[in-house]
Amino acid sequence: MLKKFIDRKFLLSIIDLFQSEDPRERDYLKTILHRIYGKFMSFRSFLRKAINHVFFMVIYKQGKHNGLAELLEILGSIINGFAVPLKEEHQVFLKNVLIPLHKVRGLSQFHAQLAYCVVQFVEKDPTLSSVIIQGLLRFWPITSCNKELLFLSELEEALELTEQSLFYKFLKPLFLRIAACIGSSHFQVAERALFLWNNDTIATFMSDHRQEILPMLYPALKNNLETHWNTTVHQLSQHILQQFKDMDAQLFQKVEAQFLANKTAKDEKRKLKWKAIEKQGQTKGDPYVQPTKMSG
């Protein structure tokens with residue numbers, strides 16, 4: 001009987017109501033839409049496209065929508081029921097919708113649901129982890145420390161499910177980003193990045209591939225020891241450096257020597273530049289002209 005009344009126009013009206021500012025209304029809408037999706041097989045593809053349209057509008061035009069968390073919660077259940085191997089349509093949805101949603105303003109309001117959807121894809125197809133991690137690195141926040149903390153949490157979840165063989169696809173950009181987070185002056189970002197060593201999967205990978213990873217991380221860890229203002233960050237950096245040293249003393253000494261050599265070379269280059277500037281100033285005379293006093 002319901003088929004007489006539930007048509008595409010009705011479903012679009014339901015989806016439009018997710019813009020409501022009342023969380024109770026959105027919660028009812030979520031339940032209703034989810035049940036319609038479960039019972040009406042013929043509307044499933046249409047509903048996914050209609051929800052995608054809302055996301056595209058948010059990503060490329062509006063930048064704000066009250067019902068993103070609820071819509072993503074519905075999608076989380078839908079993704080959970082996807083058959084394996086995943087269809088091309090679903091992989092395109094991940095690349096073109098879920099990953100770009102990370103750049104939307106107000107990410108903290110729906111990040112938990114978004115991260116759940118993303119992790120579901122990795123569980124269905126572990127090879128997609130490289131797409132997800134490269135996407136996170138592409139949209140990594142530069143000026144928002146709160147968003148960086150969200151990204152680091154999601155990154156840890158994705159890395160935990162990533163196969164060891166896939167790490168090489170994004171090893172350099174990933175650990176350069178982690179090094180940048182370790183060296184952050186915001187203590188929570190630095191602390192969260194250093195806590196990645198508490199994850200056995202990530203710690204094991206870092207240990208197995210220390211030849212490539214230590215040279216990228218050492219400058220940030222060493223600078224934390226010398227200049228970081230936060231005691232916890234200082235202690236964690238010292239502990240991790242000691243772990244690398246105990247693991248492979250020969251490699252540690254080699255990286256330390258290279259770091260000192262690079263630092264000395266930079267200092268020399270800086271001194272030469274300053275000497276050149278001073279010499280140029282002496283040759284041309286003092287370029288600074290005393291401003292004349294205004295009359296009156």
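**Chat about two helices and a buried leucine**

User: Hi! Is the crossing of α6 and α8 left-handed or right-handed?

Analyst: The crossing of α6 and α8 is right-handed, meaning that the near helix is turned clockwise from the far one by less than a right angle (anticlockwise would be left-handed). Keep in mind that this is a predicted model, where local features need pLDDT of at least 70 and side-chain atom pairs count only at pLDDT 80 or more, while totals for chains, interfaces and linings use all residues. Residues are numbered from 1 along each chain as its sequence is written, and side-chain values use heavy atoms, with hydrogens and water left out.

User: Where is α6, and how do the axes of α6 and α8 cross?

Analyst: Helix α6 spans residues 111–124, and its axis comes within 10 Å of that of α8, crossing at roughly 25°. The two are therefore roughly parallel to each other (angles under 35 degrees count as roughly parallel, over 145 as roughly antiparallel, 65 to 115 as roughly perpendicular and the rest as oblique).

User: Which residues make the contact?

Analyst: From α6 there are His111, Ala115, Val118 and Val119, and from α8 there are Leu150, Glu154 and Glu157. Contact here means heavy atoms within 4.5 Å. By type, the residues of this contact are 4 nonpolar, 1 polar and 2 charged.

User: Is Glu157 buried, partly exposed or exposed?

Analyst: Glu157 is partly exposed, with a relative accessible area of 38%. Buried means under 20%, exposed over 50%, and partly exposed in between, using a 1.4 Å probe and protein chains only. Glu157 belongs to helix α8, residues 145–160, where a helix is a DSSP run of H or I with at least four residues, numbered from the N terminus.

User: New topic! What about Leu196, buried or exposed?

Analyst: Leu196 counts as buried, because its relative accessibility is 0%. You will find Leu196 in the loop between α10 (187–194) and α11 (200–208).

User: What does Leu196 touch?

Analyst: Not counting residues up to four places away in sequence, Leu196 touches Glu156, Ile178 and Ile202. The C-alpha atoms of Leu196 and Ile178 are separated by 9.3 Å, with their positions 18 residues apart along the chain.

User: Which residues does the cis peptide bond join?

Analyst: The cis bond joins Val84 and Pro85, with omega about 0°. Pro85 is found in the loop between α4 (68–80) and α5 (88–98).

User: Last one: how is the chain divided into domains?

Analyst: Domain 1 covers 1–125 and domain 2 covers 167–271, with bounds from an automatic or database domain assignment. Their C-alpha centres lie 40 Å apart.

Conventions: Axes fitted to C-alpha atoms, helices over the stretch in contact; angles between N-to-C directions. Nonpolar A, V, L, I, M, F, W, Y, C, P; charged D, E, K, R; others polar.
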